[in-house]
Number of protein chains: 2
Amino acid sequence: MNDLEIVAGNGLLHRRAFLTGGAALAAAVTGYRLSDTVAAQQLTDEAWSTKPGVAIPEYGIPSSFEKPVSRTLSNPKGEPRTQHARTPHHLVNGTFTPNGLHFVISHSGAPDIDPAKHRLVIHGLVKKPLSFTLDALGRYPMVSRMTFVECGGNSAAMFSNQPTQASVQAIHGLVSCAEWTGVMLSTLLDEAGIDPKATWLIAEGADSLALSRSVPIAKALDDTMVALYQNGERLNPGNGYPMRLLVPGWEGNLNVKWLRRIKLTDQPGLSYYEARTYAPILPNGKAYQFYFLQEVKSFITHPSPGLTLGAPGFYEVSGIAYSASGRIAKVMVSADGGSTWAQAALQEPVLSKAFTRFRVPWKWDGGPAVLQSRAWDEAGNVQPTRAQFVAQRGQTKTPVTNPAAFPSQHYNGPTSWAIQRTGEVTHVYS
Amino acid sequence: MNDLEIVAGNGLLHRRAFLTGGAALAAAVTGYRLSDTVAAQQLTDEAWSTKPGVAIPEYGIPSSFEKPVSRTLSNPKGEPRTQHARTPHHLVNGTFTPNGLHFVISHSGAPDIDPAKHRLVIHGLVKKPLSFTLDALGRYPMVSRMTFVECGGNSAAMFSNQPTQASVQAIHGLVSCAEWTGVMLSTLLDEAGIDPKATWLIAEGADSLALSRSVPIAKALDDTMVALYQNGERLNPGNGYPMRLLVPGWEGNLNVKWLRRIKLTDQPGLSYYEARTYAPILPNGKAYQFYFLQEVKSFITHPSPGLTLGAPGFYEVSGIAYSASGRIAKVMVSADGGSTWAQAALQEPVLSKAFTRFRVPWKWDGGPAVLQSRAWDEAGNVQPTRAQFVAQRGQTKTPVTNPAAFPSQHYNGPTSWAIQRTGEVTHVYS
């Protein structure tokens, strides 16, 4: 490890391993020493190398060895209450989430919609109410964009006054990132003709509770999309098949799935979810009426609880960062609980309102360490410390007896993982 | 349609619909007129809106209505010969291919590899032969990149002297694009220590025929990767689980799947696939010994055969372009068989050696039309016309009685789709 420069406490190394490529990298960095020296002829022929493999299917699915790479379900039988399916961030890598693992929250399951019969209607304060078939929408100019969707209640466990011992999936699993392709809502609103009195729209789903949320017209005309494709294929049923509203960077619940109706109005609808669930109460007794932005945030996915370290030596520390206010500008990583910091490499391309994977090389000396990340966005926003955050938004006592009565929304402070001498990773506040 | 400017024959419109966003777009473009005027209260409550939906599963799969969106299989029972699984480009959208639909060619099925037992060995002309477990590889610095993989034999039907009546999936379905995450091969070779005499490496798979290909060391040290993740999750079994060589932009067969052994040598291995299958014979009787690059190419996916047009009026024409020589610089689209051309909008971000989706707005007047695309890359390369291409590489007579005796590799000329008055789309040469 002699050629790797230590830049922060507890063994964080210079990110140049990721900034140079190819031969330059080979020259600059030597000696990770994670392999075994062998004579190549010692390689065993396993059973799968000695007989033909299985037939390639029409639609590929992951290896049976990847069964543990799945979403955790809060309500696996689909009983008549909310269902959460959380993304296993510690078991995936790269910058976006495959459709099978994209987080889902549904308050009434996934409606099994026949796309040939589904219609999208735009009405209310428009010159001409319109109805669109899926085929008709497919003829309009389309755009693709990578963007994250995050539930306002993601990371609710971070409000606890004690660090919850749980995986990154349990704590931060209600955010995912995908490439969405569809029609800009502005295109459709323009065709309907916006009445100048319209200042809001109310989007409604085709699910049985007709989930509804209000969106200001300015955002609807900015970058809001009627999404038809998710990561290249049609939307997954849990994510709104055959169409959803995509409101980049804004609270997940606003990204109305199974989108059926858009009504232009001169005031918000004050629907159940916007008036109650997603109106977080503050320590001063007041509440945010509308809290749209999912603010700048980051967390480390590797290592994290459940990914126990082996022998001391080289590890890559990596995680994801994102912001509703644009591109990620910088991510700093600490291995000593926030005393000293190393700048992480950001995986290109760094896209607005999308996951950015950050990586930093680390030499673990086998002693205790506390890993933490902190992100900045291009608008100059930075993650608050946890202390700053809870001073403004409150915290809960563990155990929480009535979650609905406690603050649980829009946590965007840091997350700290402690490395034990055994290599075990636990959740701490630091 | 009055506000859309016609810029080429047969109704191709200015790409500004894609270049502006939000309110500017709404102001600039009006009247696609693909919707029905309705009173919103006419919306019917379908069955799925009146009862709870189905439970969200641990791993999401596409809607049952999307069954037709699947790969076509040349050997569905996995008989002891090559299997092809082709990507349905006309049924997907956006810029990359979901793992379930990524093309696969396998000459002996997909080995069912236990990742805990699998090893990667680097040996031959190295200072220290090494063996890596999957866990060890996961500790090295990783990178993610979007890149296409294309079989050298993709588009073989284009060598026929008659236009083959088949879908874009059948003709061009052996190319796909994904985000791959893994370890740069240079990092591992550096640890093994490259003997200065080494000029090639031979990569070998763990499949039962131990498929092997030779790669020059310069490419191995440039951007070659040992890929561990595909679109965020572990590689799909047909695409090399748990690891494959990724040789960006180079012939698909070189991207050795189920990667097991890398031997550094002072000459190529002249394996079966490089000495025979992928050494195309030219009209002058000579053959390319090594044909690495997948050169600049594009094809229109929407509309294409099987996607019959409805009423005349506005349509989006879109497709994909890519090049082994870097980013796509420009795509031109013709609706009159190549007489006049309109510049297409390129979906951002335009990435090197990755799919770039191009789009151009089109007003179909209901008469005959021939759609064709032509791409340029940043290195200045342009797709040849089909006549230029076959003059150099040859063509085959239909029906082909012995495909192995005829040229079938590396077609990168244009593809032309004729629109009939009925809206049907057929394949023509133009």
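## Helix 8, core and symmetry of a two-chain model

On the other side of helix 8 of chain B, away from its buried residues, Ala387(B), Gln388(B), Ala391(B) and Gln392(B) are exposed. This is a predicted model.

The buried residues of helix 8 of chain B, residues 386-393, are Arg386(B), Val390(B) and Arg393(B). Their arc around the axis is only 80°, so they sit on the same side of helix 8 of chain B. Gly394(B) comes just after helix 8 of chain B and takes a positive phi of about 90°.

Chain A has its own helix 8, again residues 386-393. Arg386(A), Val390(A) and Arg393(A) are buried there. They cover an arc of only 80° around the axis, which puts them on the same side of helix 8 of chain A. Turned away from that buried side is a face with the exposed residues Ala387(A), Gln388(A), Ala391(A) and Gln392(A). Gly394(A) follows helix 8 of chain A, and its phi is positive, near 90°.

The table sets out the buried residues of each helix.

| Helix | Residues | Buried residues |
|---|---|---|
| Helix 8 of chain B | 386-393 | Arg386(B), Val390(B), Arg393(B) |
| Helix 8 of chain A | 386-393 | Arg386(A), Val390(A), Arg393(A) |

How are the two chains related? A turn of 180° and a shift of 0.0 Å along the axis lay chain B on chain A, with an RMSD of 0.0 Å. The two copies are thus related as by a two-fold rotation axis. Of the interface residues of chain B, 99% are also interface residues in chain A, so the copies meet through the same surface.

Next, the nonpolar core. In soluble globular proteins, nonpolar side chains tend to be buried together. Here the largest nonpolar core has 224 residues. Val226(A), Val333(A), Val226(B) and Val333(B) have the most contacts inside it. Domain 1 (106-277) and domain 2 (297-428) of chain B each supply at least three residues to this core.

What does Val226(B) touch? Leaving aside residues up to four places away in sequence, Val226(B) touches Leu120(B), Leu137(B), Gly182(B), Val183(B), Leu185(B), Leu188(B), Met243(B), Leu245(B) and Leu259(B).

Chain A also holds an open sheet of three strands. The order is 4-5-6, and the pairing is antiparallel. Strand 4 (72-73) and strand 6 (104-106) of chain A are the edge strands, each pairing on one side only. Three bridges join strand 5 (residues 83-86) of chain A to strand 6 of chain A in the antiparallel sense. Gln83(A) stands opposite Ser106(A) in strand 6 of chain A.

Technical notes
Residues numbered from 1 in each chain as written. Chains lettered and ligands numbered in written order. Predicted model: local features only at pLDDT ≥ 70, side-chain atom pairs only at ≥ 80, totals over all residues. Core = buried A, V, L, I, M, F, W, Y, C linked by C-beta atoms within 7 Å. Buried ≥ 20, exposed ≤ 12 C-beta atoms within 10 Å, placed from the backbone. Domains from an automatic or database assignment. Contact = placed C-beta atoms within 7 Å. Least-squares fit on C-alpha atoms with pLDDT ≥ 70 in both. Helix = DSSP H or I, 4+ residues; strand = E, 2+ residues; numbered from the N terminus. Arc of directions from axis to C-beta. Pairing = 2+ DSSP bridges.
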